[in-house]
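This report describes a single protein chain for a reader who is new to structures. Please look through the sequence and the model before reading on.

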Amino acid sequence: MTLLVFIFWMLNISLDTSGHLAFKAAATQPDTDGELARWKAMASRPWIWIGVVCFVAEFVVWQGFLSLVPLSQGVLLGSINIVAMLIAGRVLFAEKFTPPRVIGCALIAVGVAIVGVG
């Protein structure tokens, strides 16, 4: 793996994880009365727009990453985002580590390591 591929990969992980976390933060703020009011309130929160910016930037980085690696390798390496989100969800939102989640993420991490070495 070249340094450029590694940089694109780390940027992809960072932007994708940040985007999901921003959307989660926007969605977990106090509710308002009525569904339409709830959506309007979410749209007015900065977290939702931070998430949008992260995902737009991630799209550009993802295109760059895929231009440097084979699709099958890129998609598998991109799966490590799931592990990053599990850990970040635990730290930032006190989500639980259940045995199936931990086992699933461990299998993903092993798979990404095998693909990365290959």
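The text below goes from the whole chain to its salt bridges and then to a few single residues.

**The whole chain**

The model is predicted. Its pLDDT averages 90, and 98% of the residues score at least 70. Among the elements, α2 has the lowest mean pLDDT, at 82, while helix α3, residues 46–68, has the highest, at 96.

The secondary structure consists of 6 helices and 0 strands. Read from the N terminus, the order is α-α-α-α-α-α. Along the principal axes, the C-alpha atoms fill a box of roughly 55 × 35 × 20 Å. The protein has 118 residues, and 31% of them count as buried. About 7,400 Å² of the protein is exposed, with carbon and sulfur atoms supplying 74% of that area. If contacts between residues at least 6 apart in sequence are taken, 70% of them join residues at least 24 apart.

**Charges and salt bridges**

The protein carries 7 positive and 6 negative side chains, and the centres of these two sets are 6 Å apart. Side chains of opposite charge can pair when their charged atoms come close. How many salt bridges does a search of the whole structure find? The search finds 2 salt bridges.

One salt bridge joins the side chains of Lys 24 and Glu 95, with an N to O distance of 3.8 Å. Lys 24 is in helix α1 and Glu 95 is in the loop between α5 and α6, so this pair ties together parts that are 71 residues apart in sequence.

Glu 35 forms a salt bridge with Arg 38, and their closest N and O atoms are 3.4 Å apart. Both residues are in helix α2; because they are 3 residues apart there, about one helical turn separates them.

The table gives the accessibility of the residues in these pairs.

| Residue | Relative accessible area | Class |
|---|---|---|
| Lys 24 | 34% | partly exposed |
| Glu 95 | 32% | partly exposed |
| Glu 35 | 49% | partly exposed |
| Arg 38 | 22% | partly exposed |

**A buried acid without a partner**

Asp 16 lies in helix α1, which covers residues 3–27. Which side chain of opposite charge is nearest to Asp 16? That side chain is Lys 24, 15 Å away, and Asp 16 is buried yet has no salt bridge. A salt bridge needs a nitrogen within 4 Å of a carboxyl oxygen, so a distance of 15 Å does not qualify. Leaving aside neighbours within four places in sequence, Asp 16 is in contact with Phe 55, Glu 58, Asn 81 and Met 85.

**Residues in loops and in α2**

Gln 29 is in the loop between α1 and α2, the latter being residues 35–44. Gln 29 is partly exposed, at 30% relative accessible area. If residues up to four places away in sequence are not counted, Gln 29 touches Arg 45 and Trp 47. The C-alpha atoms of Gln 29 and Arg 45 are separated by 9.0 Å, and the two residues are 16 apart along the chain.

Ala 41 is in helix α2. Ala 41 counts as buried because its relative accessible area, 18%, is under 20%. Between the C-alpha atoms of Ala 41 and Met 10, which are 31 residues apart along the chain, the separation is 32 Å.

Ala 94 is in the loop between α5 (80–93) and α6 (99–117). Its relative accessible area is 56%, and Ala 94 is exposed. Most residues other than glycine have a negative phi. Ala 94 is not a glycine, yet has a positive phi of about 55°.

Technical notes:
Residues numbered from 1 in each chain as written. Predicted model: local features only at pLDDT ≥ 70, side-chain atom pairs only at ≥ 80, totals over all residues. Heavy atoms only, no water. Helix = DSSP H or I, 4+ residues; strand = E, 2+ residues; numbered from the N terminus. Buried < 20%, exposed > 50% of the residue type's maximum accessible area, 1.4 Å probe, protein only. Lys, Arg positive; Asp, Glu negative; His and termini not counted. Contact = heavy atoms within 4.5 Å. Areas by Shrake-Rupley, 256 points an atom, 1.4 Å probe, with all protein chains shown as cover. Charge placed at Lys NZ, Arg CZ, Asp CG, Glu CD. pLDDT = per-residue confidence, 0-100.
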